[in-house]
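Q: Hi! I have a structure open in front of me and would like to talk it through. Could you help me find my way around?

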Amino acid sequence: MFGDFFKPGGLPVFRNFSRILPQGGILGVDIGTASIKAVELEAPSAQGMPRFRNYGILESYSHLDRLNTAIQTSGLKMLENETAELLKNLLHHLNPKFKNVVASIPSFSAFTSLLEMPALSGRELEQVMRYQAQVVVPLPLSEVVIDWTPVGEYTDEKGVKKQQVFLVSVPKETVAKYQSVFHQAGLTLKALEIEGLSLARVLTRGDPTETAVVDIGARSTSILVAENGLLKYSAQTDFAGASLTQAVSSGLGVSVRRAEELKKQKGLLGQGGEYGLSTLMLPFLDVILSEVRRVKDNYEKSYRGKIERVMLSGGGANLLGVEKYAAMQLGLPVMKADPWKQVEFSPEIAPVLAEVGSSLAVAIGLGMRQFSS
Ligand SMILES: Nc1ncnc2c1ncn2[C@@H]1O[C@H](COP(=O)(O)OP(=O)(O)OP(=O)(O)O)[C@@H](O)[C@H]1O
Ligand SMILES: [Mg+2]
């Protein structure tokens with residue numbers, strides 16, 4: 001998505017992106033608020049899956065100490081130069097073979113909408129989308145780049161064939177910032193896409209089960225609905241991993257760093273004296289889960305869907321005991337996201353990869369994009 005916009009000579013809004021022919025491999029880079037993650041994938045040999053080469057995670061603890069030093073914030077104050085320095089640091093350790101990048105933009109810096117319209121294609125669909133975008137996108141079209149993907153078809157009550165089209169628009173200013181960051185780090189940014197699209201691809205491709213993906217990051221939680229690799233709906237809340245850490249820190253009167261350690265060690269499973277830990281975190285987790293319930297209800301009401309399961313992704317999915325608790329609260333099957341199903345890797349590194357899977361899901365989905373038809 002948005003790959004065309006890096007071509008010289010302007011911004012061809014409403015052109016479908018023609019994929020870059022995968023040559024060799026690609027780096028998927030996910031710049032979160034608290035970390036940068038990169039995954040290097042090699043092109044599949046024949047009809048196979050892309051091959052995993054390496055990964056790198058650079059975690060910044062500074063977001064815990066001071067709010068405004070997060071790598072990026074929901075006001076999209078991504079600090080270009082600082083981010084480029086962090087990226088260079090990560091690359092120094094990763095030493096990637098490939099310099100072409102597909103990167104993600106947090107869903108909160110994009111405007112997305114699921115539109116329903118008659119089953120059109122080609123030029124006709126383009127015209128309708130141009131009109132629809134003017135109506136729904138909150139910024140003038142001259143200030144944003146726009147892309148869209150048909151994500152589903154259905155026949156309405158009157159027997160008319162209709163389709164659902166997922167529209168994404170991103171401010172041009174945001175695109176320019178990302179270009180600058182990767183350029184400074186000596187990489188070539190080939191395409192940008194919102195992280196929800198990458199998650200939908202990596203977690204639901206080839207699976208028609210309508211799934212709510214809950215990506216619990218440090219500063220924000222994204223809640224998506226996806227099926228068959230396609231993103232259908234996306235929402236977001238500011239309650240996330242840092243809210244749980246903060247609750248432990250103020251509840252126990254310990255530093256945020258200590259609280260972060262305790263959270264990671266004990267999760268919701270602490271016994272006896274540590275029992276207090278889950279008591280402190282649960283109200284915040286409940287806010288996230290009630291948001292999931294709200295998204296489920298909205299989606300099912302508005303788009304005739306039926307969400308059958310929940311996948312937890314992002315660093316917050318590693319909270320011990322969270323799957324069981326969420327399943328109980330939501331009354332749905334809940335599982336931890338496993339992005340490794342979509343790539344090949346040597347079996348001996350499987351245990352290491354399993355631990356970082358939910359954190360790397362976005363980066364893997366970004367890399368996969370280049371090898372998708
Ligand atoms: N084992 C663990 N148990 C509980 N929480 C964890 C664990 N490991 C990581 N986390 C939490 O996950 C969060 C970071 O998740 P992630 O790496 O997905 O964030 P991010 O992508 O940088 O942030 P965002 O998506 O908000 O921009 C932090 O709040 C961290 O405390
Ligand atoms: Mg994230």
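Q: Let's start with the ligand. How far does a polar side-chain atom of K263 lie from an oxygen atom of ligand 1?
A: Happy to help! Keep in mind that this is a predicted model. In it, the distance between a polar side-chain atom of K263 and an oxygen atom of ligand 1 is 2.6 Å.

Q: Okay, and what about the backbone of R219, how far is that from an oxygen atom of ligand 1?
A: For R219, a backbone N or O atom is 2.9 Å away from an oxygen atom of the ligand. You can also look at G316, where a polar backbone atom lies 3.2 Å from an oxygen atom of ligand 1.

Q: How much of ligand 1 does the protein bury?
A: The protein buries 88% of the 650 Å² that ligand 1 exposes when taken alone.

Q: Where does ligand 1 sit, then?
A: You'll find ligand 1 in the largest pocket.

Q: Which residues come nearest to ligand 1?
A: There are 20 residues around ligand 1, and the nearest are T33, K37, E260, K263 and G315.

Q: What kinds of residues make up that shell, nonpolar, polar or charged?
A: It's a mix: 10 residues of the shell are polar, 5 are nonpolar and 5 are charged.

Q: Which helices or strands each supply at least two residues of the shell?
A: Strand β2 (35-42) does, and so do the helices α6 (241-252) and α7 (256-266). Helix α7 gives the largest share, with 3 residues.

Q: New topic! Where is D30?
A: D30 belongs to strand β1, which covers residues 25-31.

Q: Is D30 buried or exposed?
A: D30 counts as buried, because its relative accessibility is 4%, and the cut-off for buried is under 20%.

Q: Which side chain does the side chain of D30 join in a polar contact?
A: That would be S104: the two side chains make a polar contact of 3.5 Å.

Q: One more residue: where is R369 found?
A: Look at helix α10, which runs over residues 350-369 and includes R369.

Q: Why does R369 count as buried?
A: R369 is buried because its relative accessible area is 1%.

Q: And what are the side-chain partners of R369 in polar contacts?
A: One of them is E193, whose side chain makes a polar contact of 3.2 Å with the side chain of R369. Another is Q370, where the side-chain contact is 2.8 Å.

Methods: Residues numbered from 1 in each chain as written. Chains lettered and ligands numbered in written order. Predicted model: local features only at pLDDT ≥ 70, side-chain atom pairs only at ≥ 80, totals over all residues. Heavy atoms only, no water. Near = heavy atom within 4 Å. Polar contact = N/O pair within 3.5 Å; in protein donor to acceptor, adjacent residues only side chain to side chain. Areas by Shrake-Rupley, 256 points an atom, 1.4 Å probe, with all protein chains shown as cover. 1 Å grid on protein atoms, 1.4 Å probe; cavity = no way out; pocket = protein on both sides within 12 Å on 5 of 7 lines; lining within 4 Å. Sits in = over half its atoms within 2 Å of the grid points. Helix = DSSP H or I, 4+ residues; strand = E, 2+ residues; numbered from the N terminus. Nonpolar A, V, L, I, M, F, W, Y, C, P; charged D, E, K, R; others polar. Buried < 20%, exposed > 50% of the residue type's maximum accessible area, 1.4 Å probe, protein only.
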